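Ready for some practice in reading a protein model? Keep the sequence and the picture at hand, and try each task before you look at its solution.

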Amino acid sequence: MAKAVVDKTDGQPQPVNKNGVPLFKQSVTERDRELDNEVVYEFQGPVGVCAMMLGFPSLMYYFWVCLEYHQGKLITPSSFSLEGLSQFFWQELWAKIKVGAYPTALAVKIYMGYVLFSFILAYIMPGPVVEGLALPSLKGKKLKYLCNGLSAWYATLVTAAVVHITGIFRLTLIIDNFGGIMTTAILWGFTMTTLVYICSVINGTQHRMSGNFFYDYFMGAVLNPRIGHVDLKMWAETRVPWPVLFFLSVSCALKQYELKGFVSGPIAFMVLAHFLYVNACQKGEECIPTSWDIFYEKDGFMLIFWNMAGVPFTYCYASIYLMKYELTTGQTITHSLPYTVGLFVTLLAAYYIFDTGNSQKNRFRMEQNGSFMVRNAFPQLPYGHIKNPSYIKTEHGNLLLTDGWWGVVRKPHYTADLIMAMSWGLITGFGSFLPYFYFCFFVFVLTHRVSRDMNRCAKKYGKDWDRYCERVPYIFIPYVF
Ligand code: NDP
């Protein structure tokens, strides 16, 4: 029997699926249209986004110098006089970047080769077709998404193994050319943002424009850019950042094996951590078309740069630190067995909550949307799909899940994601801040995302949202926050 707690009914019988979830023929409401068109200056507006567009790449280069030449130590000018600052900038940073992070022909071939390869796979590989949510900007139309992430991912893994083993392309070249590949990714992030922006202006597909060029460049102009049937936003979100991150770690592991004849616990940990993440994105790709990024966020610098360059080349610091430390000192970072095992257990436990948490909510929403499908993508974890869940029905028509992990806190998947991020830092020990950069940055990203999301949901669901917050009062940790 369904545990559904229906706070508001219109007295009409409603069709339910065999799991007890009401099917909701979604139509776009006037409120949805208003929210979809509302321009709100995020990130302190144009000044804030300009600072981020300059600051992100600069910070990436600064961190790169620290990792590449100083074993992850954060370097500072010897003096803060004009002369000291100029010497620091030109000699300590620029001279090294110019040589070590130059986008050589090989670096461009490696990065752009992968980008092109992943795009071709997104175009041709088989997979189920899933409908997204009804879009207010398209008068309620639902776009179709070919979810071939899993077949493309397996094809990528097989191809990588073949080219490495046959010697056509040794994967260790990735870590050997890290600086140049990062620069290529940064340049491509700006190039792709510009191309998508220009095309949307030419095609007249701009949406929710603020009128300030810099802000619109950052947030994006177009909502759903496509080449043929490939949705560029979804492709960029799943197919580039996470596989590149994974192959960076694999490259470190292979390099260590070549040099030392073994793979250390911490590096094996990072390969596993990145494998779990990339695999989760591909195996659950059919859940992405109904997500906030696809439904609401536009395709601008924020998403494009971050996916093409930011995620792979900053979330990898734990692996890069372990490798560069070994290359420059000759010493391998290892820990006691209980510490290492403890972190493996923490990673796997957090991954379990992350995977099943995302799965519980996304499957629930897909059931309601009528787009639920059974997939046997590895691994299917128990508790990823709740039978006869409890929920709150909103006046809007959408249901808010209050069962499983979603009955415990409002953002269980964020908490789990943060624990995983912390474990990526802890596995490197305490020799450098840089492996913890991802965790610190992620705290900022997720808390900012939570406040944006909560504001949006409060406007969208009104008093139903208040009732939901009363039912599930804590956001991240029960009885704490
Ligand atoms: P969520 O999965 O939290 O999606 C938010 C939306 O879900 C809300 O706007 C609302 O949409 C709906 N919703 C919220 N609560 C409920 C509920 N109880 N029942 C049903 N629907 C609900 O957001 P994200 O897309 O930010 O996160 C997805 C995953 O991606 C997370 O695991 C996150 O950690 C990860 N992530 C990782 C990043 C990284 O850089 N590593 C960056 C960002 C996210 P509606 O208005 O349609 O009801």
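**Exercise 1. Two helices that meet**

Which residues in H4 meet which residues in H7? Then work out how the two helices are oriented.

*Solution.* Please keep in mind that this is a predicted model.

Step 1: Find the helices. H4 covers residues 105-124 and H7 covers residues 178-203.

Step 2: List the partners. Ala107, Val108, Ile110, Tyr111, Met112 and Val115 in H4 meet Gly180, Ile181, Thr184, Ala185 and Trp188 in H7. Sorted by kind, the residues of this contact are nine nonpolar, two polar and no charged.

Step 3: Look at the axes. They lie 8 Å apart, and the packing angle is about 50 degrees. Angles of 65 to 115 degrees would be roughly perpendicular and those under 35 roughly parallel, but H4 and H7 are therefore oblique to each other. The crossing of H4 over H7 is right-handed.

**Exercise 2. A second helix pair**

Describe how H10 and H11 are oriented, and sort the residues of their contact by kind.

*Solution.*

Step 1: H10 spans residues 241-260, while H11 spans residues 265-283. Their axes come within 9 Å and cross at roughly 155 degrees.

Step 2: The cut-off for roughly antiparallel is over 145 degrees. H10 and H11 are therefore roughly antiparallel to each other. This time the crossing is left-handed.

Step 3: Among the H10 residues in the contact are Trp242, Leu245 and Phe246, and the H11 side includes Met270, His274 and Tyr277. The contact of H10 with H11 has 14 nonpolar residues, four polar and no charged.

**Exercise 3. Into the core**

How many residues does the largest nonpolar core have, and which of them have the most contacts inside it?

*Solution.*

Step 1: The largest nonpolar core has 125 residues, and Trp235, Phe313, Tyr315 and Trp424 have the most contacts inside it.

Step 2: Ask which element gives the largest share. This is helix H2 (residues 45-70), with 12 residues of this core.

Step 3: Zoom in on Trp424. Leaving aside neighbours within four places in sequence, the contacts of Trp424 include Leu245, Met270, His274 and Tyr277, along with Tyr315 and Tyr438. Do some names sound familiar? Leu245 belongs to H10, and Met270, His274 and Tyr277 belong to H11.

Step 4: Look for another core. One of 16 residues lies apart, with Tyr145, Trp292, Tyr296 and Met366 among its members.

**Exercise 4. Unusual backbone spots**

Where do Gln71 and Tyr479 lie, and is each one buried, partly exposed or exposed?

*Solution.*

Step 1: Gln71 is not a glycine, yet its phi is positive, about 50 degrees. Gln71 lies in the loop between H2 and helix H3 (82-100). With a relative accessible area of 31%, Gln71 is partly exposed.

Step 2: Tyr479 also has a positive phi, near 65 degrees. Tyr479 is in the segment after helix H18 (463-471), and at 72% relative accessibility Tyr479 counts as exposed.

Step 3: For a last oddity, turn to Pro379, in the loop between helix H15 (337-369) and strand E5 (391-393). A cis peptide bond joins Phe378 and Pro379, with omega about -10 degrees.

**Exercise 5. Far along the chain**

What distance separates the C-alpha atoms of Lys139 and Ser27?

*Solution.*

Step 1: Locate Lys139 in the loop between strand E1 (129-135) and strand E2 (141-146). Lys139 is exposed, with a relative accessible area of 79%.

Step 2: Lys139 and Ser27 are 112 residues apart along the chain, and their C-alpha atoms are separated by 9.2 Å.

Methods:
Residues numbered from 1 in each chain as written. Predicted model: local features only at pLDDT ≥ 70, side-chain atom pairs only at ≥ 80, totals over all residues. Heavy atoms only, no water. Core = buried A, V, L, I, M, F, W, Y, C linked by side-chain atoms within 4.5 Å. Buried < 20%, exposed > 50% of the residue type's maximum accessible area, 1.4 Å probe, protein only. Helix = DSSP H or I, 4+ residues; strand = E, 2+ residues; numbered from the N terminus. Contact = heavy atoms within 4.5 Å. Axes fitted to C-alpha atoms, helices over the stretch in contact; angles between N-to-C directions. Left-handed = near helix turned anticlockwise from the far one by under 90°. Nonpolar A, V, L, I, M, F, W, Y, C, P; charged D, E, K, R; others polar.
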